[in-house]
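Thank you all for coming; I would like to walk you through one structure this morning, beginning with its sheet and working outwards to the helices and a few single residues. Please have the sequence and the model open while I speak.

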Amino acid sequence: MNTFPKGFLWGGASADFQVEGGFDEGGRGLLSHDYETDGSLEEPRHHTMKMPDGTLIYPRSSFFYADEVPPEAEPVFLEDAYYPSHKAVDFYHHYKEDIALMAGMGFNVYRFSICWSRIYPNGEEEQPNKEGLSFYRNVINELKKYGMEPLITICHDEMPMNLALKYDGWSSRYLIDCYLKYCKTLFEHFGQDCKYWLTFNEINAVKGFGPCGTRKSDGHVRYLAAHHMFVASAKAVILGHEMMPDAKFGTMYAMSELYPASCKSEDVFHALLERRENWYFIDIMARGYYPSYAKQIWKHHGFDHLEISDEDKDILKRGQLDFVSFSYYRSNITQAGDPWFNVGGSINPYLETTPWGWPIDPLGLRHVMNTIYDRIQKPLFIVENGLGVIDQADENGYVEDDYRIEYLKDHFKAMRDAINEDGVDCIGYTMWAPIDLVSLSTGEMKKRYGFIYVDMNDKGEGSLKRTPKKSYYWMKEVISSNGSSID
Ligand code: BGP
């Protein structure tokens, strides 16, 4: 069989602060990411902050970095800095056009994240922000108009600024209540139209000020914050199932593959231990309990105890996920003696890499799908995968991105084999990202992922004109043939 299962969900994925912009419109409150500058592979992006004596500091806090932020430091906007989230690619004003373009490819699902501070500007108001709700109501109506299923990420690596500054983000248990109130509002307003929900994005990768709002990111703080997020997620699943009996819940994990660097027993065993750093998050949330190896992970991170009450254990058990969703971009290798990276690792000499150093490994996707499914036995949803590269547009904004087509074709074949040959249950695929957007790790525009080109440079200059690339038309055929056109 060379097609995907009937009813397979095909689409794209994005995150609010990487596409929306409109950071000071519609009553939106500030997010931690709003103070994050642009950067590059060589020059990591950073937050701009001020000490009480006026000294400026620049802690890095995105994806691979989580510098400690002194307790007395306050965020500050600098006139000469560029903050990509403020405008992003202006989906806030272009959503109708963007959704129409996605519909033109035949998407039947679109994964997007709701900006927490658009709904609760400082995270703890009594009432939600009506303008924020009406923006997402319009987005959902637009999707429904074209028969697209919304797949909503409730929290994509972000934190209302007020909750970070006042409570130190997820290190505080109080955040569970704030998150639950936010979820309840979303379920009340959008529940009748939205079946698929993701409680968090890449929960196994986030740490520090930008995504979690914590000033420290040592092992104890990171795992305490994660525990609060586990309980918040499980409570959201329990509530969501009560309010929307047909709804399905997942959490998204960064599950790029990790291989032992050699067949030396020590390397193979090291890879197993290191990989558990990711399994920890899936096991707790999808199986509903802390695994037997939890203490070993904590010890590795310099602490040996986390307070987990019986009540929390019961919530985790009752709030298990319905499906497992994950991002897959690459594979890396590891060997005995290496530090544990929970994302990334050393380069595999057998693989080519992107200009940003991400090894390309389609078979690794099939491998990951099998290992997750063997272990968890719940449906999978691949909610991020794609190629970030420099595209050369012609004078009309058109890009001949054969390399992207090749990348996707190889990954789709691997995915199809996992489903049809290996028997993995996978319900859908959302490519990162249907439209060019701001890179999370570097803040650049030139690291482009889209089927649709956006005329905008790293400093936010350009007409913002949207133009389908060659891969757009290719993807349209893939979807209309349900995958058989890739042969
Ligand atoms: C994932 C994030 C996304 C996204 C993607 C690509 O980790 O969930 O937000 O940005 O990676 O990474 P980057 O933008 O750094 O190329």
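**The sheet and its central strand**

Let me begin with the open sheet, which has nine strands in the order β8-β7-β6-β5-β1-β14-β13-β11-β9, with parallel pairing; two strands count as paired here if DSSP finds at least two bridges between them, and strands (E, at least two residues) and helices (H or I, at least four residues) are DSSP runs numbered from the N terminus. The edge strands are β8 (248-250) and β9 (252-254), each of which pairs on one side only. On average, neighbouring strands of this sheet are turned by 25° against each other, with direction ignored; axes are lines fitted to C-alpha atoms, for helices over the stretch in contact, and angles run from 0 to 180 degrees between N-to-C directions.

Before going further, I should say that this is a predicted model, in which local features need pLDDT of at least 70 and side-chain atom pairs count only at pLDDT 80 or more, while totals for chains, interfaces and linings use all residues. Residues are numbered from 1 along each chain as its sequence is written, and side-chain values use heavy atoms, with hydrogens and water left out.

Within the sheet, I would like to dwell on β5, residues 109-113. Strand β1 (residues 9-13) is joined to β5 by three bridges, and the two run parallel; G11 has V109 as its bridge partner in β5. Towards β6 (residues 149-153) there are five bridges from β5, again with the strands running parallel, and here R111 has L151 as its bridge partner, while F112 stands opposite I152.

How many of the five residues of β5 are buried? Five of the five are, so the strand is largely enclosed by the rest of the structure, where buried means under 20% relative accessible area, exposed over 50% and partly exposed in between, with a 1.4 Å probe and protein chains only. In a regular strand the side chains alternate between the two faces of the sheet. In β5 both faces are covered, with V109, R111 and S113 buried on one side and Y110 and F112 buried on the other.

**Helices over the sheet**

Helix α4 (residues 130-145) lies across β5 and β6, running at about 170° to β5, and helix α13 (residues 402-420) lies across β1, β13 (380-384) and β14 (426-432), at about 165° to β14.

The axes of α4 and α6 (residues 174-190) come within 11 Å and cross at roughly 45°. That makes α4 oblique to α6, given that angles under 35 degrees count as roughly parallel, over 145 as roughly antiparallel, 65 to 115 as roughly perpendicular and the rest as oblique. The contact, meaning heavy atoms within 4.5 Å, is made by L133, Y136, R137 and I140 of α4 and T185, H189 and F190 of α6.

One residue of α4 to look at is E142, which is buried at a relative accessible area of 8% and touches K96 and I99, not counting residues up to four places away in sequence.

**The core and the α8-α9 pair**

The largest nonpolar core has 150 residues, and those with the most contacts inside it are W170 and Y280; such a core is a set of buried Ala, Val, Leu, Ile, Met, Phe, Trp, Tyr and Cys residues joined through side-chain atoms within 4.5 Å. Helix α8 (residues 219-243) gives the largest share of this core, 12 residues. A second, separate core of nine residues includes V109, F323, F381 and V383.

Helix α8 packs against α9 (residues 265-287) at an angle of about 30°, with the axes 10 Å apart, and that makes the two roughly parallel. Here R222, Y223, A226, F230 and S233 in α8 meet E277, Y280, F281, I284 and M285 in α9.

Is T199, in the loop between β7 (196-198) and α7 (209-212), buried or exposed? At 0% relative accessibility T199 counts as buried, and, leaving aside neighbours within four places in sequence, its contacts include S233, A236, V237 and M285. L272 in α9, by comparison, counts as partly exposed at 43% relative accessibility, and its C-alpha atom is separated by 8.9 Å from that of Y259, 13 residues apart along the chain.
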